[in-house]
Amino acid sequence: QMQLFESGGGLVQTGDSLTLSCAVSGRTFVSVNGGWFRQTPGKAREFVAAINWSGADTLYAASVEGRFAISRDNSKNTMTLQMNSLQPEDTAVYYCATDNRAFRAILSSTEVYYGYWGQGTQVTVSS
């Protein structure tokens, strides 16, 4: 029943910043972990970042750690991905997702644990 919708993608230059947003339906978002993944044509979907149910714990892929920041606002059922120092290699379709295994599940970068996905938003970084 949970639905997700990403927004905020666009075309930027190398070194620019961009913020992606994810709107999650229902108040159940407060009890589940969330995450961001990305995919480039010809490549497998890649883990980007994850955040636990309360927002107190986060997990980042090595390729984005120090540049990206994931956050959430449970009162508004939203999740964001702040992207800084963007590089052409960051070009991809970005997806937000939720881990619905159980209440207060341990954070994970494993794609199969995320059962609900948004439609994706395109981020293009020009060199």
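Buried means under 20% relative accessible area, exposed means over 50%, and partly exposed lies in between. Keep these cut-offs at hand for the exercises. The model is predicted.

**Exercise 1. Classify both partners of the salt bridge between Arg38 and Glu46, then place the pair in its network.**

Step 1. Start with the contact. The closest N and O atoms of Arg38 and Glu46 are 3.0 Å apart.

Step 2. Take Arg38. Its relative accessible area is 6%, so Arg38 is buried.

Step 3. Take Glu46. Its relative accessibility is 32%, so Glu46 counts as partly exposed.

Step 4. Look at the network. Arg38, Glu46, Arg67 and Asp90 are joined into one network by salt bridges that share partners.

**Exercise 2. Describe the salt bridges of Glu111 with Arg45 and of Asp99 with Arg101.**

Step 1. Glu111 and Arg45 come first. Their closest N and O atoms are 3.9 Å apart. A salt bridge needs a side-chain nitrogen of Lys or Arg within 4 Å of a carboxyl oxygen of Asp or Glu, so the pair counts.

Step 2. Locate the partners. Glu111 sits in the loop between S9 and S10, and Arg45 in the loop between S4 and S5. They are 66 residues apart, so this pair links distant parts of the chain.

Step 3. Classify them. Glu111 is partly exposed, with a relative accessible area of 32%. Arg45 is also partly exposed, at 27% relative accessibility.

Step 4. Turn to Asp99 and Arg101. Their side chains meet at 2.5 Å, N to O. Asp99 has a relative accessible area of 0%, so Asp99 is buried. Arg101 is partly exposed, at 38%.

Step 5. Give the total. The count comes to 5 salt bridges.

**Exercise 3. In what order do the strands of the open sheet of 4 strands lie, and which strands form its edges?**

Step 1. Recall the principle. Strands of a sheet pair through backbone hydrogen bonds, either parallel or antiparallel.

Step 2. Read the order. It is S1-S3-S8-S7, with antiparallel pairing.

Step 3. Find the edges. Strand S1 (4–7) and strand S7 (68–73) each pair on one side only.

Step 4. Add the angle. Neighbouring strands of this sheet are turned by 15 degrees against each other on average, direction ignored.

Step 5. Zoom in on one pair. S7 is joined to strand S8 (residues 78–83) by 6 bridges. Here Ser71 stands opposite Thr80 in S8.

**Exercise 4. Is strand S9 (residues 92–99) largely enclosed or open, and which strands pair with S9?**

Step 1. Check burial. In S9, 7 of the 8 residues are buried, so the strand is largely enclosed by the rest of the structure.

Step 2. Pair S9 with strand S4 (residues 33–39). The two run antiparallel over 7 bridges. Gly35 has Ala97 in S9 as its bridge partner.

Step 3. Pair S9 with strand S11 (residues 121–126). There are 3 bridges, again antiparallel. The bridge partner of Tyr94 in S11 is Thr121.

Step 4. Pair S9 with S10. These strands are antiparallel too, with 3 bridges. Asp99 is matched by Tyr114 in S10.

**Exercise 5. Which residues of the largest nonpolar core touch the most other members?**

Step 1. Recall the background. In soluble globular proteins, nonpolar side chains tend to be buried together.

Step 2. Name the residues. The core has 32 residues, and Trp36, Leu81, Met83 and Tyr94 touch the most other members.

Step 3. Trace the suppliers. Strand S3 (18–24), S4, S5, S7, S8, S9 and S11 each supply at least two residues of this core. S5 gives the most, with 5 residues.

Step 4. Follow Tyr94. Beyond its neighbours within four places in sequence, Tyr94 is in contact with several residues, among them Trp36, Leu81 and Met83.

**Exercise 6. Compare the loop residues Asn52, Asn77 and Ser85.**

Step 1. Asn52 lies between strand S5 (46–51) and strand S6 (58–60). At 12% relative accessibility, Asn52 counts as buried. A polar atom of its side chain lies 2.9 Å from the backbone nitrogen of Gly55.

Step 2. Asn77 lies between S7 and S8. Its phi is near 55 degrees, a positive value in a residue other than glycine. Asn77 is buried, at 13%.

Step 3. Ser85 lies between S8 and S9. Its phi is positive, about 50 degrees, although Ser85 is not a glycine. With a relative accessible area of 41%, Ser85 is partly exposed.

Conventions
Residues are numbered from 1 along each chain as its sequence is written. This is a predicted model: local features need pLDDT of at least 70, side-chain atom pairs count only at pLDDT 80 or more; totals for chains, interfaces and linings use all residues. Side-chain values use heavy atoms; hydrogens and water are left out. Two strands pair if DSSP finds at least two bridges between them. Axes are lines fitted to C-alpha atoms, for helices over the stretch in contact, and angles run from 0 to 180 degrees between N-to-C directions. Buried means under 20% relative accessible area, exposed over 50%, partly exposed in between (1.4 Å probe, protein chains only). A polar contact is a pair of N or O atoms within 3.5 Å; within protein, one must be able to donate a hydrogen and the other to accept it, and residues adjacent in sequence count only if both atoms are side-chain atoms. A nonpolar core is a set of buried Ala, Val, Leu, Ile, Met, Phe, Trp, Tyr and Cys residues joined through side-chain atoms within 4.5 Å. Contact means heavy atoms within 4.5 Å.
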